[in-house]
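Thanks, everyone. I'll take a few minutes on one protein chain. Have a look at the sequence and the structure first.

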Amino acid sequence: MVRILQHLGRVRYIHNQEGKLLREGEGYVVEVFSDPQQATLVANSSLYLNVTSFDYLEMGQLDDNQPYFDLIQDNRCLRILPLSNPLTEHNSCSINDATLEAMLAEALTARWDACLDDDNNNFAS
């Protein structure tokens, strides 16, 4: 489930319980994870999907060939409809979060070292 959902990008979501609409809207799948201690969150147009919040995933297509992903738990369904196409909107940047964080930390450390070197090389005239 994680592999299928993690690259969805921009989506439309519809949350139903017992056949009644609870909430719907558009957002961006920010994170897909598996943690029994956390919940699935939809906040500020961002979706944080915890696959352990659901029993199973159903996939299909609507009449207009629009794919959908239904996350099911008991009498609750979170339907996710992708709005972005990974073939046309593929991000050319292949840097993952860990690599980006390491690069940023290295740049900040180098900057800090340069500042310390400057402070140590100030001689009184």
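How many helices and how many strands are there in the protein chain? Two helices and seven strands. Keep in mind that this is a predicted model.

Along the sequence, the pattern reads α-β-β-β-β-β-β-β-α. The chain has 125 residues, and 26% of them are buried. Its accessible surface is about 9,300 Å². Carbon and sulfur atoms hold 49% of that surface. Now the contacts with a separation of 6 or more: 34% of them link residues 24 or more positions apart.

On to the sheet. It is an open sheet of seven strands, and the pairing is mixed. The order is β3-β4-β2-β1-β7-β6-β5. At the edges sit β3, residues 41–43, and β5, residues 56–61. Each of those pairs on one side only. From one strand to the next, the twist averages 30°. As a reminder, strands of a sheet pair through backbone hydrogen bonds, parallel or antiparallel.

Let me walk through part of that order, starting with β1. β1 and β7 run antiparallel, joined by seven bridges. One pair to find on screen: Asn-16, whose bridge partner in β7 is Cys-77. β7 itself is mostly covered, with six of its seven residues buried.

Next, β7 against β6. That pairing is antiparallel too, over five bridges. The two strands form a hairpin with two residues between them. Then β6 against β5, again antiparallel, with six bridges. Here Pro-67 in β6 is the bridge partner of Gln-61, and Phe-69 in β6 is the partner of Met-59. β5 and β6 also make a hairpin, this one with five residues between the strands.

Now the turns. Most residues other than glycine have a negative phi. So where are the positive ones here? Asn-65, in the turn between β5 and β6, has a positive phi of about 65°. Asp-74, in the loop between β6 and β7, has a phi near 50°. Asp-74 has 66% relative accessibility, so it counts as exposed. Glu-18 is another case, with a positive phi of about 55° although it is not a glycine. Glu-18 lies in the loop between β1 and β2. Its relative accessibility is 58%, so Glu-18 is exposed as well.

Let's go inside. The largest nonpolar core has 15 residues. Which of them touch the most other members? Leu-5, Leu-8, Val-29, Leu-49, Leu-71, Leu-78 and Ile-80. Five strands each supply at least two residues of this core: β1, β2, β4, β6 and β7. Take Leu-5. Leaving out residues up to four places away in sequence, Leu-5 touches Val-29, Val-32, Leu-49, Val-51, Leu-57, Phe-69 and Leu-71.

Two buried residues deserve a closer look. The first topic is Leu-47, in strand β4. Is Leu-47 buried or exposed? Buried, because its relative accessibility is 0%. Its contacts beyond four places in sequence include Val-11, Tyr-13, Gly-27, Tyr-28 and Val-29. Val-30, Glu-31, Leu-41 and Val-42 are also in contact with Leu-47. As for Glu-26, it is 21 residues from Leu-47 in sequence, and the C-alpha atoms are 9.4 Å apart.

Then there is Asp-70, in strand β6. Why does Asp-70 count as buried? Because its relative accessibility is 5%, and the cut-off for buried is under 20%. What does its side chain pair with? Asp-70 and Arg-79 share a side-chain polar contact of 2.7 Å. Look at the strands as well: Asp-70 stands opposite Arg-79 in β7. So this pair appears twice, as neighbours across the strands and as a polar contact between side chains. Asp-70 also touches Tyr-56, Leu-57, Glu-58, Cys-77 and Leu-78.

To recap. An open, mixed sheet of seven strands. A largest nonpolar core of 15 residues. And a buried aspartate, Asp-70, in polar contact with Arg-79. Happy to take questions.

Note on methods
Residues numbered from 1 in each chain as written. Predicted model: local features only at pLDDT ≥ 70, side-chain atom pairs only at ≥ 80, totals over all residues. Heavy atoms only, no water. Core = buried A, V, L, I, M, F, W, Y, C linked by side-chain atoms within 4.5 Å. Buried < 20%, exposed > 50% of the residue type's maximum accessible area, 1.4 Å probe, protein only. Helix = DSSP H or I, 4+ residues; strand = E, 2+ residues; numbered from the N terminus. Contact = heavy atoms within 4.5 Å. Areas by Shrake-Rupley, 256 points an atom, 1.4 Å probe, with all protein chains shown as cover. Polar contact = N/O pair within 3.5 Å; in protein donor to acceptor, adjacent residues only side chain to side chain. Pairing = 2+ DSSP bridges. Axes fitted to C-alpha atoms, helices over the stretch in contact; angles between N-to-C directions.
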